[in-house]
Amino acid sequence: MLVLLAGIFVVHIATVIMLFVSTIANVWMVGSYNFGTISTGLWLLCNKTCTQLPVSSRDEASLKAVQAFMILSIIFSVVALVLFIIQLFTLEKGKRFYMTGAVMLVCWMCILIAVSIYTARFTGTMVYSTNPHHGYCFILAWICFCFSFIIGILYLVLRKK
Amino acid sequence: LPGLHVFAIAFALEVSVGKTNTVMALNNSNVLLPCVFTTCMGFQDLVFTWYFNSTELVADPAALPLQIYHGKIKNKASEPTVIQHNPRVEFVGSTTKKDNNISIVLNNVEFSDAGKYTCHVKNPKEKNAQHNATIFLTVVHKMVETDNTVTLIIVGVVGGLIGLLILFMLIKRVVLFIIKKTQDGKKECLVSSSGNDNTENGLAGSKAEQKAPPKA
């Protein structure tokens with residue numbers, strides 16, 4: 001049980017790091033154009049230098065929602081990490097990590113909302129480029145989605161030794 | 001020691017333009033360019049100048065940097081006297097108060113006024129120590145308000161969750177309290193029907209207990 005708890009802790013830290021990388025790096029969609037490859041993310045559009053992300057007026061609210069919910073998911077995953085460490089020392093034996101699990105599931109909801117909106121609105125076509133495909137940040141976000149759900153459920157099920 | 005000497009001069013007279021050195025102004029408005037200087041030893045016959053260096057293309061690059069205000073201050077008790085100034089520049093500072101303020105106001109800014117404004121001060125009393133500070137002015141068509149929807153969404157969700165958590169805790173307390181109250185009522189009935197009366201001594205109660213099991 002202790003080994004399982006340690007493993008979950010490591011996966012939790014990995015999820016936090018992946019969420020940070022996914023939100024900050026601007027490689028959600030990658031495409032090619034006549035001078036090379038161009039990548040867009042949540043904040044900027046980059047090839048060699050980065051400039052403002054061009055977004056049509058009807059997609060502006062969706063982009064803001066994706067940004068907000070990705071940041072919220074980072075906040076909640078870090079809060080869950082801190083809560084887990086606190087509960088590790090203050091919880092009685094045999095009790096479950098309810099609060100940590102609950103916060104982790106809220107984080108999972110935030111990631112779900114963010115990536116769903118992004119997939120629905122922004123993965124069709126990409127400006128300035130042909131052959132758009134998904135970048136690594138998009139993949140990392142979906143991986144974090146799976147991980148956060150598993151970790152949240154495991155926190156709700158495991159008992160403190 | 002020459003090294004120490006230079007060090008003393010470099011830090012005795014200081015010119016500052018405030019916390020940020022960028023100023024944004026609306027087209028056709030008046031903009032304040034702040035500048036304050038401080039001295040360790042006081043000043044006498046101090047000379048200050050405002051220069052303008054344009055970042056746009058100008059007709060005559062050799063004329064830059066352009067001197068737009070040149071003034072002299074006798075001492076701390078007197079206000080500055082102007083030697084030369086550009087007609088669109090107005091002096092709004094005051095050196096007789098606590099801090100030595102030599103700010104100017106540029107009237108009716110145009111797009112060609114954008115660029116680098118340098119406030120330069122020379123103090124003869126400190127062996128002609130000089131110092132300057134620069135402000136970057138940009139002129140815009142329209143002032144755009146910063147958009148903070150992302151912040152609002154984040155604060156809204158976090159606040160809502162904290163509120164829900166507090167509400168959940170309160171309801172849990174209240175429900176448990178109500179349950180405890182109703183349970184206490186039921187316990188009173190249990191105490192009187194079991195015959196275990198605490199006012200008598202223990203023997204009477206134990207006798208009652210011994211009698212009860214055979215009947216059951």
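Which residue of chain A forms a salt bridge with Asp147(B), and how far apart are the closest N and O atoms? Select Asp147(B) and Lys64(A): these two form the salt bridge, with 2.8 Å between the closest N and O atoms. Keep in mind while looking that this is a predicted model.

**Stop 1: the charged pair**

Stay on Lys64(A) and Asp147(B), which are joined by a salt bridge. The count of salt bridges between chain A and chain B is one. For polar contacts across this interface, the rule finds one residue pair, with both residues at pLDDT 80 or more.

Now select helix α2 of chain A, residues 60–90. With nine residues, this helix gives the most to the side of chain A that touches chain B. Coloured by class, that side of chain A shows eight nonpolar residues, one polar and one charged.

**Stop 2: the whole interface**

Widen the selection to both sides of the interface. Ten residues of chain A are in contact with eight residues of chain B. The two chains bury about 790 Å² between them, and 89% of this lies on carbon and sulfur atoms. Next pick Lys64(A), Ala68(A) and Leu72(A): together they supply 48% of the area that chain A buries against chain B, more than any other three residues. Lys64(A) is also the salt-bridge partner of Asp147(B).

**Stop 3: the sheet of chain A**

Leave the interface and display the strands of chain A. Five of them form an open sheet with antiparallel pairing, in the order β4-β3-β2-β1-β5. At the edges stand β4 (50–52) and β5 (130–134); each has a single partner strand, so one side of each is left without a neighbour in the sheet. Neighbouring strands are turned against each other by 25° on average, direction ignored.

Zoom in on strand β1 of chain A, residues 29–33, and its antiparallel pairing with β5(A), which runs over three bridges. A residue pair to label here is Ser32(A) and Thr130(A), which stand opposite each other, the latter in β5(A).

**Stop 4: three strands of chain B**

Move to chain B and select strands β5 (residues 46–54) and β6 (residues 66–73). They run antiparallel and are joined by seven bridges. Label Trp50(B) and its bridge partner in β6(B), Tyr69(B).

Then add strand β7 of chain B, residues 81–85, which is joined to β6(B) by four bridges, again antiparallel. Here the pair to label is Lys72(B) with Thr81(B), its bridge partner in β7(B). Strand β6(B) thus appears in two pairings, one with β5 of chain B and one with β7 of chain B.

Notes: Residues are numbered from 1 along each chain as its sequence is written. Chains are lettered from A and ligands numbered from 1 in the order in which they are written. This is a predicted model: local features need pLDDT of at least 70, side-chain atom pairs count only at pLDDT 80 or more; totals for chains, interfaces and linings use all residues. Side-chain values use heavy atoms; hydrogens and water are left out. Contact means heavy atoms within 4.5 Å. Buried area is the accessible area (1.4 Å probe) that two parts lose on being put together, summed over both. A salt bridge is a side-chain nitrogen of Lys or Arg within 4 Å of a carboxyl oxygen of Asp or Glu. A polar contact is a pair of N or O atoms within 3.5 Å; within protein, one must be able to donate a hydrogen and the other to accept it, and residues adjacent in sequence count only if both atoms are side-chain atoms. Ala, Val, Leu, Ile, Met, Phe, Trp, Tyr, Cys and Pro count as nonpolar, Asp, Glu, Lys and Arg as charged, and the others, Gly among them, as polar. Two strands pair if DSSP finds at least two bridges between them. Axes are lines fitted to C-alpha atoms, for helices over the stretch in contact, and angles run from 0 to 180 degrees between N-to-C directions.
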